[in-house]
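Biologist: I'm new to reading protein models, and I'd like to learn why each label is used. Could you walk me through this one?

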Amino acid sequence: MTIGRWFWSFAFTQLVEVPIYLRALSGPDRTPVLRWPQRVGLAFLASALTHPYVWFVFFAVFYSRAYEDLGYRWPALVDHRYTIYFFVAESFAVGVEALLLRGCGLQRAFLWALLANASSAGLGFISRHYLGFP
């Protein structure tokens, strides 16, 4: 995992998720009313908090010697390592981002976080497949 790949993935994630969060924070679901700079900062902060954990911490756990040792007991874990990693890491991201947004007064924060993360992950897979980026 290189820092360069992480940076471009982070930029791609922000490009997809920030507009979704800005829409959420500008609509009727938000209380109290936030000014534009606050909305932009909060929209950026949401995935900025979770993205490094998804890329570095969860990746290190699922591609570690300890995980491989666990795979000796349950070989199916190793066979589906990326799928498990993806769902655990994305669930973490959705949960943390939803808690942050809910704490800032956004109603239906979980649904907005799910939409933002599903969009960035889905578009990321499509972009990687067709363009080789990010």
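Modeller: Gladly! Let's begin with a term: the bend at a residue is the angle between two axes, one fitted to the seven residues ending there and one to the seven starting there. Taken that way, helix 2 bends by about 35° at V54. Please keep in mind that this is a predicted model.

Biologist: Thanks! Where does helix 1 bend, and what follows within four residues?

Modeller: Helix 1 bends by about 30° at E17, and the proline P19 follows within four residues.

Biologist: Let me step back for the overall picture. How many helices and strands are there?

Modeller: The protein has 6 helices and 0 strands, so its elements read α-α-α-α-α-α from the N terminus on. Its C-alpha trace spans about 55 × 30 × 20 Å along the principal axes. Of its 134 residues, 39% count as buried.

Biologist: How do you know that the span of helix 2 agrees with what it should be?

Modeller: The expected span is 1.5 Å times one less than the number of residues. For the 27 residues of helix 2 that should give 39 Å, and its end C-alpha atoms are 39 Å apart, therefore the two agree. Helix 1, residues 3-26, has 24 residues and reaches 33 Å, close to the 34 Å expected.

Biologist: Why are helix 1 and helix 2 called oblique to each other?

Modeller: They pack at an angle of about 140°, with their axes 8 Å apart. Roughly antiparallel needs an angle over 145 degrees, and roughly perpendicular covers 65 to 115. An angle of about 140° fits neither, so the two helices count as oblique. Helix 1 also passes helix 2 in a right-handed crossing.

Biologist: What makes F10 and F44 an aromatic pair, and what kind is it?

Modeller: A search of the whole structure finds 11 aromatic pairs, and F10 with F44 is one of them. Ring centres must lie within 6.5 Å, and here they are 5.8 Å apart. Planes over 60 degrees apart count as edge-to-face; these are at 85°, so the pair is edge-to-face. The pair links distant parts of the chain, as F10 sits in helix 1 and F44 in helix 2, 34 residues apart. Ring pairs also join W6, F10, F44 and F56 into a cluster.

Biologist: Is F10 buried or exposed, and what about F44?

Modeller: Buried means under 20% relative accessible area, and exposed means over 50%. F10 has 14%, so F10 counts as buried. F44 has 41%, which lies in between, so F44 is partly exposed. Several residues of helix 2 are buried, including R39, L42, A46, W55 and F62.

Biologist: And why is L49 called partly exposed?

Modeller: L49 is found in helix 2. Its relative accessible area is 39%, between the two cut-offs, so L49 is partly exposed. L49 and E97 are 48 residues apart in sequence, with their C-alpha atoms 8.0 Å apart in space.

Biologist: Why does R108 count as exposed?

Modeller: R108 has a relative accessible area of 53%, which is over 50%, so R108 is exposed. R108 lies in the loop between helix 5 and helix 6. Its phi is near 55°, a positive value in a residue other than glycine.

Biologist: Which peptide bond is cis?

Modeller: The bond from F133 to P134 is cis, with omega near -5°. P134 lies in the segment after helix 6.

How values were computed: Residues are numbered from 1 along each chain as its sequence is written. This is a predicted model: local features need pLDDT of at least 70, side-chain atom pairs count only at pLDDT 80 or more; totals for chains, interfaces and linings use all residues. Side-chain values use heavy atoms; hydrogens and water are left out. Rings of Phe, Tyr and Trp (its six-membered ring) pair if their centres lie within 6.5 Å; planes under 30 degrees apart count as stacked, over 60 as edge-to-face and the rest as tilted. Buried means under 20% relative accessible area, exposed over 50%, partly exposed in between (1.4 Å probe, protein chains only). Axes are lines fitted to C-alpha atoms, for helices over the stretch in contact, and angles run from 0 to 180 degrees between N-to-C directions. A crossing is left-handed if the near helix is turned anticlockwise from the far one by less than a right angle, and right-handed if clockwise.
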